[in-house]
Amino acid sequence: MKKVLATTKAPAAIGPYSQAIRADKFVFVSGQIPIDSATGEFAGDDIAAQTRQSLTNIQNILASEGLTMANVVKTTVLLKNISDFGAMNEVYASFFESDCPARAAFEVAALPKAALVEIEAIAYAE
């Protein structure tokens, strides 16, 4: 089973991809940059605000399928500057308080729309 997921509570895909795909018992959420779907703009200029929005977008996409952040089993965090890791991690921790998912974090040369962070997630749907 493959199902394309889309919600207006997260920014629409800005290219040939889906917000998320549900495949059997897993949901693969595409990388979320910090666009506020209500305004179409970044939620803020600092790493904390942008991390919060990227994770909120993931949260909203999962909610459209009846899931929560507790269902997330793996994330990948892409940072424009690895020195932002600590500030990103503080916000990240507020979304994952126990049984945290596996995670990888990388510094990259650039992100779409000059974002400071992009986060993708894989969730398990029981």
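Which residue in β2 is the bridge partner of Lys3? Here are some friendly notes to help you find out.

1. Before you start, please note that this is a predicted model, in which local features need pLDDT of at least 70, side-chain atom pairs count only at pLDDT 80 or more, and totals for chains, interfaces and linings use all residues. Residues are numbered from 1 along each chain as its sequence is written, and side-chain values use heavy atoms, leaving out hydrogens and water.

2. The partner of Lys3 in β2 is Arg22. Strands β1 (residues 2-5) and β2 run antiparallel and are joined by four bridges. Strands are DSSP runs of E with at least two residues, helices are runs of H or I with at least four, and both are numbered from the N terminus. Two strands pair if DSSP finds at least two bridges between them.

3. Arg22 also has a bridge partner in β3, namely Val27. Four antiparallel bridges pair β2 with strand β3 (residues 26-32). In this hairpin two residues lie between the strands, and Asp24 takes a positive phi near 55°.

4. Now look at the two faces of β2 (residues 20-23): Ala20 and Arg22 are on the covered face, while Ile21 and Ala23 are on the uncovered one. In a regular strand the side chains alternate between the two faces of the sheet.

5. Finally, visit Asn71, in the loop between α1 (47-63) and β6 (72-79). Asn71 counts as buried because its relative accessibility is 15% (buried means under 20% relative accessible area, exposed over 50%, partly exposed in between, with a 1.4 Å probe and protein chains only). A polar atom of the Asn71 side chain lies 2.9 Å from the backbone nitrogen of Thr68.

Conventions
Polar contact = N/O pair within 3.5 Å; in protein donor to acceptor, adjacent residues only side chain to side chain.
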